[in-house]
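These are my notebook entries on helix packing, burial and polar contacts.

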Amino acid sequence: MKKIKCNYSKEYLQQCYIDENRTLIRMCPILGVKSPITARKILQSFGLSTNHNERVSLQTRKGMTDDEFRGYLITEYIEKQKSLRQIGIDLGVNSVALRRYFLKYGIPLRETSIAKSISTQKERSPRWKGGKHICSNGYVEVYCPEHPKAKSRKYVYEHILVMEKQLGRYLAPDEVVHHINEIKTDNRLENLRLMTNSEHVALHGYKSKGKSKNILHGLWSKNFLCCINCGTTSIKHKANGLCLHCYATMIRHKKEVMPYVEY
C-alpha cells in the first residue's frame with residue numbers, strides 16, 4: 001500500500017488512536033482528512049491495525065504476545081488461584097470475555113465446587129480474620145498449612161509456633177508448651193514453658209473416672225498443709241484434713257463403736 005503523506009509520527013498516531021481509543025471519525029480532524037476510509041489507509045500505512053477486535057485484544061493483553069499472555073493467565077489462574085473475576089478486574093475485561101481466551105489457549109477451567117471452595121479461602125472469605133482466631137477450647141490458632149501439625153484444618157496453636165520460633169526447631173512428640181499463668185490466650189514467650197508430657201501431667205494433675213484431680217501446684221490441700229493426724233504430705237489428702245490412711249482408720253473406728261440395730 002502506498003504510504004500517504006502525514007506530518008505526524010507513528011508514536012503520536014498510536015497514542016491518539018489506540019491508547020486514547022479514538023474512532024476513525026474522530027481521527028479525521030487530527031489527520032486533516034474528511035473520510036474515515038482515508039484515515040484508515042493512513043493508519044494502516046504506519047502499521048497500525050484498524051481492526052476493532054484486534055485493538056481490543058491488544059489492549060486486553062497489555063501488549064503481551066499470545067504465548068506471554070497464555071503464560072500470564074496460567075500463572076494468575078492456576079498458580080496464584082485467582083478467580084476469573086479477579087483476573088478480569090486486573091485486565092479491565094469481564095469474565096465472559098476472559099473465558100474466550102481460556103478456550104482459545106486451551107486452559108481448562110475449574111469445576112464449580114472447586115471454584116467456590118477457592119473463592120472462600122483465606123482473605124477471600126468475608127469471615128477471614130488474618131488467619132488467627134480463638135477455637136472452642138480457648139487456645140489461639142494460626143493458619144499455617146505448611147506445619148507438620150497442621151492436618152485437615154491447616155491451623156496450629158499459636159503457643160506452639162512461638163516456642164518453636166524460639167527453639168529454632170519443631171517440638172518433639174513428647175514435648176508440650178505450658179502457659180505459666182494458665183491464660184490460654186497469653187502467648188508471650190515469657191509466659192510459656194517447655195515441658196515433657198509427664199511433667200505437664202504432673203503439674204496439672206490427672207483424670208480419673210471422668211473427674212479431674214489437681215495437685216494444687218505443690219500444696220497438699222486447699223486448707224491444710226499436711227495431715228492433721230499423722231502430719232504426712234506424701235500420702236494424698238482424702239477429706240477433712242486427713243490423708244487416705246488416717247481417713248480410712250477413722251471410718252473403721254466409727255464402724256467398730258457403732259451399735260448394731262436389728263430392723
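I took a crossing as left-handed if the near helix is turned anticlockwise from the far one by less than a right angle, and as right-handed if clockwise. Helices (H or I, at least four residues) are DSSP runs, numbered from the N terminus.

The model is predicted, and local features need pLDDT of at least 70, side-chain atom pairs pLDDT 80 or more, whereas totals for chains, interfaces and linings use all residues. Residues are numbered from 1 along each chain, and side-chain values use heavy atoms, without hydrogens and water.

Entry 1, the helix pair. I found that helix 1 passes helix 2 in a right-handed crossing. On the helix 1 side, Tyr12, Leu13, Cys16 and Tyr17 make the contact (heavy atoms within 4.5 Å); helix 2 contributes Leu24, Met27, Ile30 and Leu31. I sorted these residues into eight nonpolar, no polar and no charged, counting Tyr and Cys among the nonpolar types.

Entry 2, helix 3. I looked up which residues of helix 3 (residues 36-45) are buried (under 20% relative accessible area, 1.4 Å probe, protein chains only): they are Ala39, Ile42 and Leu43. These lie on the same side of helix 3 because they cover an arc of only 95 degrees around the axis, taken from the directions from the helix axis to the C-beta atoms. Their cover includes helix 1 and helix 2.

Entry 3, the ends of helix 3. Ser35 caps the N-terminal end, with a side-chain oxygen 3.1 Å from the backbone nitrogen of Ile37. Just after helix 3, I noted a positive phi of about 80 degrees at Gly47.

Entry 4, Arg22. I located Arg22 in the loop between helix 1 and helix 2. Arg22 counts as buried because its relative accessibility is 18%.

How values were computed
Buried < 20%, exposed > 50% of the residue type's maximum accessible area, 1.4 Å probe, protein only. Polar contact = N/O pair within 3.5 Å; in protein donor to acceptor, adjacent residues only side chain to side chain.
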